[in-house]
Amino acid sequence: MTVYIADISECNIFDCEGLLKNYEEGLPQTVTERVNAKKSPKARLESSVAYLLVREALSAAVGEKNAREQLLSGLYFTDEGRPSFKNGDFDLSVSHSDGICVAAVADNRMRIGIDVEEVNERNVKTAESVLSRLINFSIPNGYTDDIRALKFTKNGASPSGIFCGKPDGYDEKVMVGWTALESALKCHGGGFSALKEATEVFRKIKQTSFTVRKNGKVFVVTLTEKKRGIFAP
C-alpha cells in the first residue's frame, strides 16, 4: 500500500491563507468545516493538504474524475471523528505534524490508520511514559518504502526531495512505538477509550514504519493495516 506524503515546511505563515483558498476548492464541505475550525493557519493548511493527498491516492486507484466525485460527495466523519466514505468502497487515514502531511487509502477489504510524529525530547518522554504501561505491546519492526512524496506550494504539487529511510536509534524506535499505537487506535476508530482492545490485537495487524528527515528534523510515520473483522469494523 502506498503512503502519500507532502512537505509544506517551506510555506511561511504569510503564504498559508492564499494556499488554503487554492486547495480548499477541491475539498468537500465536511472537510473544509473541520479545517476552518482550527485556529492556526498552518494547522488548517496541513489538514487541507493531508486530504488532498487522499485525492491523489484515490486518483491513482480510480482516476482523477472519479476520485474528485468520491471525495466531494462521499466523505464524512464518524461520531469519533474518524474519516470514512459513505459507500464503503475505500478506507482512509490522514495525519500531519509540523509541515509534514501523510495519507493512505485502502480498498474495502481493509481498515487502516496512519500517524506521523516528530522525534523530539518531549514526544519521546511522553511515548516512554505511555508505552511502559502497556503489557501486551511490543514495538513493530516492519519497514515500508512504498512512498510517494509531493511538495505543495502556491504553484501546485510537484515531486519532493524528502529523504525517507528506516528508523534507527533509541529515540526513533520509541517514536515508532508511539506512532504504531496511535495508528492502531485510528484504525480501530475508538480513540484512547479503546486502548486495551486495540493493543490486544497487535499480533493480528500489519504495521510498517519509516522516517522522514527534513531541515534537521526527524519524523516517524507508521501505517497500520488490518483485514476487516479482526476488531470492530
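Me: What span should the 22 residues of helix α3 have at 1.5 Å a residue, and how far apart are its end C-alpha atoms?
Reply: In this predicted model, helix α3 runs over residues 41-62 and should span 32 Å at 1.5 Å a residue, while its end C-alpha atoms are 31 Å apart, which agrees with that expectation.

Me: Which residue caps the N-terminal end of α3?
Reply: That is Ser40, which places a side-chain oxygen 3.2 Å from the backbone nitrogen of Lys42.

Me: And what follows α3?
Reply: Gly63 comes after the helix, and its phi is positive, near 95°.

Me: On to α4, then. Which of its residues are buried?
Reply: In helix α4, made up of residues 64-74, the buried residues are Ala67, Gln70, Leu71 and Gly74. Because they cover an arc of only 110° around the axis, they are on the same side of α4.

Me: Which residues are exposed on the other side?
Reply: Glu64, Lys65 and Ser73 are exposed there, on the side of α4 opposite the buried residues.

Me: What do the buried residues of α4 pack against?
Reply: They pack against helix α3 and against three strands, namely β2 (75-77), β3 (83-85) and β4 (90-97).

Me: Changing topic: how many aromatic pairs are there?
Reply: The count comes to one aromatic pair. It is formed by Tyr51 and Phe77, whose rings are 6.1 Å apart centre to centre with 75° between the planes, an edge-to-face arrangement.

Me: Which parts does that pair tie together?
Reply: Tyr51 belongs to helix α3 and Phe77 to strand β2, so the pair links parts that are 26 residues apart in sequence.

Me: Is Tyr51 buried or exposed? And what about Phe77?
Reply: Tyr51 has 7% relative accessibility and therefore counts as buried. Phe77 is buried as well, with a relative accessible area of 17%, which is under the 20% cut-off for that class.

Me: What sits over the ring of Phe77?
Reply: The charged end of Arg34 does, at 4.1 Å from the centre of the ring, so the Phe77 ring that pairs edge-to-face with Tyr51 also has a charge placed over it by the criterion of CZ within 6 Å of the ring centre and within 35 degrees of the ring normal.

Me: Stepping back, how many helices and strands does the chain have?
Reply: The chain has seven helices and 12 strands, and 52% of its 233 residues count as buried.

Me: What share of the contacts with a separation of 6 or more comes from residues 24 or more positions apart?
Reply: Such residues account for 67% of those contacts in the chain.

Conventions: Residues numbered from 1 in each chain as written. Predicted model: local features only at pLDDT ≥ 70, side-chain atom pairs only at ≥ 80, totals over all residues. Heavy atoms only, no water. Helix = DSSP H or I, 4+ residues; strand = E, 2+ residues; numbered from the N terminus. Expected span 1.5 Å × (residues − 1). Polar contact = N/O pair within 3.5 Å; in protein donor to acceptor, adjacent residues only side chain to side chain. Buried < 20%, exposed > 50% of the residue type's maximum accessible area, 1.4 Å probe, protein only. Arc of directions from axis to C-beta. Contact = heavy atoms within 4.5 Å. Phe/Tyr/Trp six-rings, centres within 6.5 Å; stacked < 30°, edge-to-face > 60°.
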